[in-house]
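Reader: I would like to learn how to read a protein model, one feature at a time. Where do we start?

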Amino acid sequence: MPSEPDAVLFDMDGTLVDTEGLWWQAVDAVAASLGRPLSPADTPHVHGRTIEDVAAYLLPEDLPEDLPEGLPDGAAALTARLTDAFAGRLRRELPVVRGAPELLAGLAAASIPTALVSASPRSIVELVLPRLGHTFDVVMANEDTARGKPHPDPYLEAARRLGAAPGRCVAVEDSPAGVAAATAAGCRVVVVSPREGLPSLDRVCSERRADERT
């Protein structure tokens, strides 16, 4: 296949597995226990963000002192609660996005390196990996960089570990935070949604060829 990208870098939640709804449910349950159930206005602060970012968002410094007994007293404890709530849902339900197995198999057959670049913690990534049935050359979790999405650090580090130039990589993302991170890193970005499914291998590689014509 001519003009292949040097590598294809995948987001995980909402891109390869349809877990964004499960993540929202987990965050909403924890947020409700804090007395502030989620609303649509919270979406950009929840989708595509690291668990630490969401915990910090839900637990501002000026929380009232009369919270119900037993609630976490800091962001680290709240991060653990969010992780547990999400993991519990993943163990019960883990739908793979339509087209993901075919795209991953096509990339493997074409010997195009792949990376998983997730904003989830490694414990969550390890739950999902067996369901995907694909061996990634690099697996990035949110612990692997000091800053997560929407900063470019996860994509820059994934490309570095692959020995690839970010500008010769294609990133596959679904969330605004992830798209911002990949774009800032210099990757070409294919934006997807779990409802529409993942594109074909030719579509992913044509994104690289479009870059070469500019």
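Reader: How much surface does the protein chain expose, and which atoms supply it?

Author: This is a predicted model, so every value here is computed from predicted coordinates. The protein chain exposes about 9,800 Å², and 51% of that is supplied by carbon and sulfur atoms.

Reader: What share of the residues counts as buried?

Author: A residue is called buried when its relative accessible area is under 20%. By that cut-off, 50% of the 214 residues of the protein chain are buried.

Reader: How many helices and strands are there, and how are they ordered?

Author: The protein chain has nine helices and five strands. Read from the N terminus, their order is β-α-α-α-α-α-β-α-β-α-β-α-β-α. As for contacts, take those with a separation of 6 or more: 65% of them join residues 24 or more positions apart.

Reader: How do I read a single helix, say α4?

Author: Compare its span with the expected one. Helix α4 covers residues 75-92, 18 residues, and its first and last C-alpha lie 26 Å apart, close to the 26 Å expected at 1.5 Å a residue.

Reader: Which residues of α4 are buried, and what do they pack against?

Author: Among the buried residues are Leu 78, Leu 82, Phe 86 and Leu 90, but also Arg 89. The buried residues of α4 pack against α1 (20-33), α3 (51-58) and α6 (122-132).

Reader: How many cavities does a search of the whole structure find?

Author: A cavity is a space where a probe fits but cannot get out. The search finds two of 30 Å³ or more, and the largest has a volume of about 130 Å³.

Reader: What lines the largest cavity?

Author: Its lining has 14 residues; Asp 13, Gly 48, Arg 49, Ala 119 and Ser 120 lie nearest its centre. By class, seven of the lining residues are charged, four nonpolar and three polar.

Reader: What should I look for in the backbone?

Author: Start with the usual case: most peptide bonds are trans, and most residues other than glycine have a negative phi. Here the peptide bond from Lys 149 to Pro 150 is cis, with omega near 15°. Pro 150 sits in the loop between β3 (138-140) and α7 (153-162).

Reader: What is the phi of Ser 111, and where is this residue found?

Author: Ser 111 is not a glycine, yet its phi is positive, at about 60°. The residue belongs to the loop between α5 (100-109) and β2 (114-117).

Reader: Is Ser 111 buried or exposed?

Author: Ser 111 counts as exposed because its relative accessibility is 62%, and the cut-off for exposed is over 50%.

Note on methods. Residues numbered from 1 in each chain as written. Predicted model: local features only at pLDDT ≥ 70, side-chain atom pairs only at ≥ 80, totals over all residues. Heavy atoms only, no water. Helix = DSSP H or I, 4+ residues; strand = E, 2+ residues; numbered from the N terminus. Buried < 20%, exposed > 50% of the residue type's maximum accessible area, 1.4 Å probe, protein only. Contact = heavy atoms within 4.5 Å. Areas by Shrake-Rupley, 256 points an atom, 1.4 Å probe, with all protein chains shown as cover. Expected span 1.5 Å × (residues − 1). 1 Å grid on protein atoms, 1.4 Å probe; cavity = no way out; pocket = protein on both sides within 12 Å on 5 of 7 lines; lining within 4 Å. Points joined across faces, edges and corners; volume = space filled by probe spheres on them. Nonpolar A, V, L, I, M, F, W, Y, C, P; charged D, E, K, R; others polar.
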